[in-house]
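Q: Please take a close look at the largest pocket of this structure, and describe what lines it and what lies around it.

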Amino acid sequence: MPSLGADMEEGKLVEWLVGPGDKVAKGDIVAVVETQKGAIEIEIFEAGEIGALLAEPGQTLPVGAPLARLGAAEDVGVSAPAVQAAPAVAAPCIAAPPPPVPPPAVPAPAAIGDTVLASPAARARAVELGIGLRAVAGSGPGGAILLSDVERHVSTAPTPVAQGGPKGKPGLDMAEMRRAIAAAMTRAKREIPHYYLTHEIDLQSAQDRLAALNAGRTPDQRLLMGALLVHATVKALAKVPELNGRHEAHPYTPSAVIHCGLAIAMRGGGLIAPAILEAQVMDPDAIMQAMRDIVARTRAGRLRNSEITQGTITISSLGETGVDALIGVIYPPQVALVGFGAPRLKPMVHVGTVQPRLAVTVSLAADHRVSDGRRGAMFLSEIDRLLQEPAIP
Amino acid sequence: MTPTDLRAAFITDLTAVAPDLDAATIGDDDHMQTDLGLDSMDFLNLVSALHKRFGLPIPETDYPRLATPAKAVTYLAEMLAAGNRA
């Protein structure tokens, strides 16, 4: 069970997308796990062949517990060492000071010394439900009790079932999400000496260019101003690279790649900030496509673990109907957060006269341990410069 | 298509891009952004779905005419009629 944030203690396996014997490549999605950020698709951390699945769907496991055995593709089954699925791929995302020490790998059995044969999943579930395994009829090898037997026992038992606690819509627990946000933001305000800068940018040229471009495109090919803002922000990091990275080790080293997080507000409240991976190589169309994809999967609760644990900077944008400016809180262990207010028509001086122009206020919240105001100002000025000549046809 | 059909199609596409909205509680004069909470990405996805369904170009300058279900039904009926005449 990978850690998807250092405040995560356990996760519930929802679904296996592979079975024993399947060959997998690094990065393949092998399972779905339910967390406070929704259902997360788990990517395998190295290539090989799935040996045995050690956990069953529906089972809740502590972080660090093995989910499956992974053999090298060539020598499967021949004393292939048990590899713990996805151990440290997931650098803790939310709160992380001490390196995570994997807790004991196997959940405590229901009854130590008990001679009842049962799978670990069945035992764990029985403990969770507070039922004795002796009361359950087993259907596995040698009459062993399987997870499905426990579930069947519960569903046919006359006693109330609600012991496990009511769960909301599967995949998204609002109380858990609120707790995760609280933990991350409290840590940010406690540990990160923020400094803040704001700057007003004239977006009228970009807006005119965008309108002309979109007029010749069908709706599914159109660009949003948001994609230009993200593109300019990513490109501006080339000039001030120290704002892009994860402050996890000393000394701090900026990240060479840009995994650009986007704060996405959920209509029911709360927010998730998944990252567009490798955004430094994308043009505005590619950024737009990536944004559509990640917003849709965030709303549907289908993000991948790399997207929620590897962000190197975050952008928060209020969109068209928000207020003038947003002064953000850094998402630890990142070192900068860029906030865009709602673009609005304002009187601005343009070529010597006051004109109504589309304007947006951009802000930077940055970690003073790794950068200073002068560099931050250079970064916002570079975003402004890039938006005067957006890289669109 | 009758206005009722158009409204049903519009609501189907709207609830597809915003699955957390309850079709039964959406009012004819609910504003897409301020009442229903659609952001620019959701709205663009709605326009894309309507474009796909009706084959209408729906330029950005017409977006205000899709601001509420009532306005959208009027707009779609008008555009489809114009298209049929052409």
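A: What follows describes the pocket and then an aromatic pair. This is a predicted model, in which local features need pLDDT of at least 70, side-chain atom pairs count only at pLDDT 80 or more, and totals for chains, interfaces and linings use all residues. Residues are numbered from 1 along each chain as its sequence is written, chains are lettered from A and ligands numbered from 1 in the order in which they are written, and side-chain values use heavy atoms, with hydrogens and water left out.

The largest pocket holds about 1400 Å³ of space; a pocket here is an open set of points on a 1 Å grid over the protein atoms alone, where a 1.4 Å probe fits, with protein on both sides within 12 Å along at least five of seven lines, and lining residues have an atom within 4 Å of a point. The volume is the space filled by probe spheres set on the points, which are joined across faces, edges and corners. Of its 47 lining residues, G319(A), E320(A), D39(B), S40(B) and M41(B) are the closest to the centre. Elements giving two or more residues to this lining include α6 (284-300) of chain A and α2 of chain B, where helices are DSSP runs of H or I with at least four residues.

Helix α2 (residues 40-54) of chain B also holds F43(B), whose partner Y63(B) sits 20 residues away in the loop between α2 and α3 (69-85) of chain B. Their ring centres are 5.3 Å apart and their planes stand at 75°, so the pair is edge-to-face, given that rings of Phe, Tyr and Trp (its six-membered ring) pair with centres within 6.5 Å, and planes under 30 degrees apart count as stacked, over 60 as edge-to-face and the rest as tilted. By this rule there is 1 aromatic pair over all chains. Both F43(B) and Y63(B) are buried, meaning under 20% relative accessible area with a 1.4 Å probe and protein chains only, while exposed is over 50% and partly exposed in between.
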